[in-house]
Amino acid sequence: MERSLSSHYRDPGVDNWSNHNIKYVKLALYEGRSEVAYVVFNAVGSSITDWFQSTRVIASSWSDVTARGTYNVFSITGHLSHLRRFHINKLYGGCSNDKGYMVVSDIKGGGCQWDSHSIYPQFLYSKINSADNWEKLMFGRADILAIFVYI
């Protein structure tokens, strides 16, 4: 998914997820052509939606995003339904204390300053090696979100 596109590329092969014997999935964020954040998942026995689980994490660009990590949100559908997707969050403590790793902000309306953007979607990520405070507005804004499937 890239913000400058009117639509996104989606390989139709993912509709037959269970027939492909998928071993790994990598979610990666890019600024320009540089990868700035990633999470690799063990996708053996997964479905098109349940590969994105904390218990499936194999590797990550954030040192504390692990299969044994503690998160209050780790979900494709995320928190607040259509507002925040592909959400990996550490703590909700009121907008000024919210800490997380990454989120796709789809539409305006989350109620926090970090939910308000001039264009959508926004691919937000912590630029440090762990969860960061969203309200500091120091997080990165990736241009591209890519999901790679390895068979």
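In this predicted model, N21 is found in the segment before β1. The phi angle of N21 is near 55°, a positive value in a residue other than glycine. Most residues other than glycine have a negative phi, and most peptide bonds are trans. With a relative accessible area of 54%, N21 is exposed, since the threshold for that class is over 50%.

A positive phi also occurs at F86, where the angle is near 40°. F86 lies in strand β5, and its relative accessible area of 13% places it among the buried residues. The backbone has a further notable feature at Y120 and P121, which are joined by a cis peptide bond with omega about 0°. P121 is located in the loop between β6 and β7.

The interior may be considered next. The largest nonpolar core has 27 residues, and within it W51, F52 and M102 touch the most other members. Two or more residues of this core come from each of β1 (24-31), β2 (34-42), β5 (84-91), β6 (99-105) and β7 (122-125). Which residues does M102 contact, once its neighbours within four places in sequence are left aside? The contacts of M102 are L27, L29, W62, F86, H87, I88, L124, Y125, W134 and L145. A second core, separate from the largest one, consists of 6 residues, among them V103, C112, L124 and W134.

Aromatic side chains form a further theme, with a count of 12 aromatic pairs. One pair is formed by F52 and F86: their ring centres are 5.5 Å apart and their planes stand at 85°, so the arrangement is edge-to-face. F52 belongs to the loop between β2 and β3 (57-60), whereas F86 is in strand β5, and the pair therefore ties together parts that are 34 residues apart in sequence. Both partners, F52 and F86, are buried. These two residues also belong to one aromatic cluster, which is formed by F41, W51, F52, W62, Y71, F74, F86 and Y101. F86 thus recurs in this account: as a residue of positive phi, as a contact of M102 and as a member of the aromatic cluster.

The surface provides the final step. Y24, I58, F148 and Y150 make a nonpolar surface patch of about 380 Å². Of these residues, Y24 lies in strand β1. The relative accessibility of Y24 is 41%, so this residue counts as partly exposed.

Notes: Residues are numbered from 1 along each chain as its sequence is written. This is a predicted model: local features need pLDDT of at least 70, side-chain atom pairs count only at pLDDT 80 or more; totals for chains, interfaces and linings use all residues. Side-chain values use heavy atoms; hydrogens and water are left out. A nonpolar core is a set of buried Ala, Val, Leu, Ile, Met, Phe, Trp, Tyr and Cys residues joined through side-chain atoms within 4.5 Å. Buried means under 20% relative accessible area, exposed over 50%, partly exposed in between (1.4 Å probe, protein chains only). Helices (H or I, at least four residues) and strands (E, at least two) are DSSP runs, numbered from the N terminus. Contact means heavy atoms within 4.5 Å. Patches are made of residues with over 30% relative accessible area and no salt bridge: like charges are joined within 9 Å, nonpolar side chains (Val, Leu, Ile, Met, Phe, Trp, Tyr) within 5 Å. Accessible areas come from the Shrake-Rupley method with a 1.4 Å probe; for residues, only the protein chains shown count as cover. A salt bridge is a side-chain nitrogen of Lys or Arg within 4 Å of a carboxyl oxygen of Asp or Glu. Rings of Phe, Tyr and Trp (its six-membered ring) pair if their centres lie within 6.5 Å; planes under 30 degrees apart count as stacked, over 60 as edge-to-face and the rest as tilted.
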